[in-house]
Amino acid sequence: MKRILSSITDGRGFDIALVALPLAFLLLLSGLPLLYNVLMSFQEVDMFSLGTLWRPFVGFENYRELFEQPETLPILGNTAIFVTASIAGQFLIGFGLALFFWTNFPGASWLRGLFLVSWVMPGLVVGAIWNWILSGDFGVLNFLLRESGLISGNIFWRSDPNYSLWAVVMANVWLGTSFNMILLSVGLSAIPGDLYEAAELDGANAWQRFWTITLPMMRSSIGALIALGLIFTLQQFDLFAAITSGGPNNSSNVTQYWAWDMSFRQYDFAKGATISVIMIVFVMLASIVYVRSTRHEVRG
Amino acid sequence: MSDTFRERSMLVIALVLAAIYLFPLYWMYITALKSGSAMFATPPAFWPSDPQWQIYGQVWESRNMGRYVWNSVVIALGSVAVITVLGVGCAYVLARYRNVWVDIGLFLILMLQVLPASLMITPIFVGFSQVGLLEYPRLAVILAIAAKSMPFFVVLVRATFMSVPQELEEAALVDGNSRIGAFFSIVLPLARNGILVSAILIFMQAFGEFVYSKSMIQAIELQPASVGLNSFMGPNTNEWNNIMAYATIYVTPILAIFVLLQRRIVSGLTSGALK
């Protein structure tokens with residue numbers, strides 16, 4: 001007993017105690033729900049069996065029913081569009097801004113940091129602001145587009161099924177661009193400057209320098225960032241709750257909102273769990289890409 | 001073209017870009033100050049001619065915001081407390097050693113970091129209701145947020161501990177300190193700033209948390225400000241000036257903290273996030 005105690009205050013036991021407690025906490029509150037999720041997706045869950053652990057086992061019935069529903073494929077398609085468009089928008093605008101702020105001028109780093117306010121704001125607030133900006137009759141975006149002659153009539157961003165998904169994409173691009181820009185700036189500043197001096201002496205123009213030095217040197221940052229973007233985009237829930245609620249008629253619904261809607265609006269917890277399991281597999285794959293692409297940095 | 005001219009023009013372009021980017025924020029502040037009719041005017045005014053300053057007091061009273069914000073603060077502080085107490089030690093050990101077990105631990109933590117809250121809420125809700133945790137909904141939300149955000153905290157704080165030279169701790173051990181003594185009197189004080197910045201980031205995240213609170217807290221008296229904002233925005237609302245006033249009151253403290261500590265927050269974030 002005394003040996004164990006002294007090991008905890010002054011030895012290996014100290015490290016093990018420090019690490020074991022949080023890991024146990026995480027496994028209990030993240031790992032266990034994860035397994036429970038898989039279990040529920042194979043069970044029949046209703047309001048009466050909610051309180052028990054052993055419910056009727058139904059095999060792949062939930063999965064089969066899910067893919068027979070007419071809205072499943074469109075929602076999966078929406079998710080793909082949402083993820084691709086958001087990542088592309090965030091990355092391209094973020095990269096452009098990062099390249100611009102890379103040319104050092106006074107105040108550059110302070111101004112660059114200021115962009116990050118979009119990222120620290122509560123998602124619900126961002127959603128509320130964009131909901132108002134995108135409003136059909138009185139929204140300021142429609143006003144600006146009309147004045148600049150890009151559109152002739154108002155676009156009903158939130159209630160037109162052709163635009164509702166893009167309304168959320170726009171808000172999400174705004175939200176995530178700053179984070180992309182900051183991380184790309186870190187990657188850019190790590191490129192040794194003498195590479196550019198050497199290239200300039202050899203007569204390479206700005207365009208050639210970008211393609212032959214900047215992009216190749218940024219390869220691992222870009223890979224990590226795109227995987228991270230995928231992870232963050234699949235976590236985006238608040239904007240859907242605040243702007244369209246997945247409507248109208250599921251035209252802007254995506255899986256991460258749908259899973260919640262299934263469980264907490266339609267009280268079909270088994271379906272909610274089934275959708276969650278499918279999506280968590282995707283997220284896990286993305287995170288393996290992310291972890292692999294940062295592996296050498298983790299060790300260093 | 002001289003260098004100062006080039007720098008000045010770059011600064012001007014940068015300011016214009018920042019102004020375009022931050023326009024939604026500006027629009028929130030301006031809309032809150034407009035009267036009911038000015039809000040729906042065409043063309044919209046980009047500067048309020050008749051600012052309605054009393055709106056903040058009105059919204060604070062009528063929406064019972066004191067209670068909402070207090071609940072947000074309770075949830076955020078509770079989450080930060082749980083995460084800091086559990087996470088700091090974990091980050092320290094993961095930074096101190098480099099072997100297979102640390103790699104496995106890091107991998108587990110990174111994997112748990114990526115699970116989307118809206119997908120995890122279904123099993124968490126059902127599990128919590130079975131063990132009776134939903135009787136204490138704010139505690140339930142705190143635990144759920146802690147499980148969600150702790151990996152992020154551990155990754156950030158680990159980067160801080162890596163920058164603390166190990167020789168200092170070894171010197172303290174040689175001088176007769178125990179491991180616990182060296183940890184509390186040498187390592188922790190040196191890593192204090194990094195831990196503080198990470199805790200502030202976690203606080204901001206938890207202060208705006210929505211999914212868990214929306215799903216697990218049914219009683220209005222216990223709901224945080226994010227859920228209050230959500231129930232304020234009905235599908236066909238036209239009270240946008242009031243909603244924007246609500247949003248302003250909710251978000252301004254966070255923005256103030258961010259602008260004051262911007263440099264530290266950004267550097268803390270970038271040192272951890274890509275590592």
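**Two helical chains and their shared core**

Biologist: How many residues of chain B are in contact with how many residues of chain A?

Modeller: The model is a predicted one. In it, the contacts between the two chains are made by 74 residues of chain B and 80 residues of chain A.

Biologist: Which helix of chain B gives the most to the side that touches chain A, and how do the residues of that side divide into nonpolar, polar and charged?

Modeller: Helix H7 of chain B, residues 117-131, gives the most to that side, with 12 residues. By residue type, the side of chain B that touches chain A divides into 54 nonpolar, 16 polar and 4 charged.

Biologist: Which residues touch the most other members of the largest nonpolar core, and which helix gives the most to this core?

Modeller: The largest nonpolar core has 161 residues, and those that touch the most other members are A:Val125, A:Ala128, A:Ile129, A:Ala171, B:Leu229 and B:Ala247. The helix that gives the most to this core, with 17 residues, is H8 of chain B, residues 137-162.

Biologist: What does B:Ala247 touch, not counting residues up to four places away in sequence?

Modeller: On the side of chain B, B:Ala247 touches B:Met28 and B:Leu229. In chain A, the residues that B:Ala247 touches are A:Val125, A:Ala128 and A:Ile129.

Biologist: How many helices and strands are there in chain A, and how many in chain B?

Modeller: Chain A has 16 helices and 0 strands. The secondary structure of chain B comes to 15 helices and 0 strands.

Biologist: Why is chain A described as more spread out than a compact globule?

Modeller: For 300 residues the globule rule gives 19 Å. Chain A is well over this value and is therefore more spread out than a compact globule, its radius of gyration being 24 Å.

Biologist: What box do the C-alpha atoms of each chain fill, taken along the principal axes?

Modeller: For chain A, the box is roughly 75 × 70 × 30 Å. For chain B, the C-alpha atoms fill a box of roughly 75 × 70 × 30 Å.

Biologist: What percentage of the residues count as buried in chain A and in chain B?

Modeller: A residue is taken as buried if 20 or more other C-beta atoms lie within 10 Å of its own. Of the 300 residues of chain A, those that count as buried come to 42%. Among the 275 residues of chain B, the buried residues make up 47%.

Biologist: What part of the contacts with a separation of 6 or more joins residues 24 or more positions apart, in chain A and in chain B?

Modeller: In chain A, residues 24 or more positions apart account for 69% of these contacts. In chain B, the corresponding value is 75%.

Biologist: Why does the span of helix H6 of chain B agree with its number of residues?

Modeller: Helix H6 covers residues 100-113 of chain B, and its 14 residues at 1.5 Å a residue should span 20 Å. The end C-alpha atoms agree with this, because they are apart by 20 Å.

Biologist: Which residues of H6(B) are buried, and what do they pack against?

Modeller: The buried residues named in H6(B) are B:Ile109, B:Leu112 and B:Gln113. They cover an arc of only 110° around the axis, so they lie on the same side of H6(B). On the other side, B:Val100 and B:Ile104 are exposed. The buried residues of H6(B) pack against H8 of chain B together with helix H2 (12-41) of chain A.

Biologist: Where is A:Ser245 found, and what is its phi?

Modeller: A:Ser245 is found in the loop between helix H13 (238-243) and helix H14 (255-264) of chain A. With 18 C-beta neighbours inside 10 Å, A:Ser245 counts as partly exposed. Phi of this residue, which is other than glycine, has a positive value near 55°.

Biologist: Where is the place of A:Asn250, and what is its phi?

Modeller: A:Asn250 has its place in the loop between H13 and H14 of chain A. A:Asn250 counts as partly exposed, with 19 C-beta neighbours inside 10 Å. Although A:Asn250 is not a glycine, its phi is positive, at about 65°.

Biologist: Which residues is A:Glu44 in contact with, leaving aside its neighbours within four places in sequence?

Modeller: A:Glu44 has its place in the loop between H2 and helix H3 (61-68) of chain A. With 13 C-beta neighbours inside 10 Å, A:Glu44 counts as partly exposed. Its contacts are A:Arg55, A:Pro56, A:Val58 and A:Ala270.

Methods. Residues are numbered from 1 along each chain as its sequence is written. Chains are lettered from A and ligands numbered from 1 in the order in which they are written. This is a predicted model: local features need pLDDT of at least 70, side-chain atom pairs count only at pLDDT 80 or more; totals for chains, interfaces and linings use all residues. A nonpolar core is a set of buried Ala, Val, Leu, Ile, Met, Phe, Trp, Tyr and Cys residues joined through C-beta atoms within 7 Å. A residue is buried if 20 or more other C-beta atoms lie within 10 Å of its own, exposed if 12 or fewer, and partly exposed in between; C-beta atoms are placed from the backbone. Helices (H or I, at least four residues) and strands (E, at least two) are DSSP runs, numbered from the N terminus. Two residues are in contact if their C-beta atoms, placed from the backbone, lie within 7 Å. Ala, Val, Leu, Ile, Met, Phe, Trp, Tyr, Cys and Pro count as nonpolar, Asp, Glu, Lys and Arg as charged, and the others, Gly among them, as polar. The radius of gyration is taken over C-alpha atoms; the globule rule is 2.2 Å times the number of residues to the power 0.38. The expected span of a helix is 1.5 Å times one less than its number of residues. The arc is that of the directions from the helix axis to the C-beta atoms.
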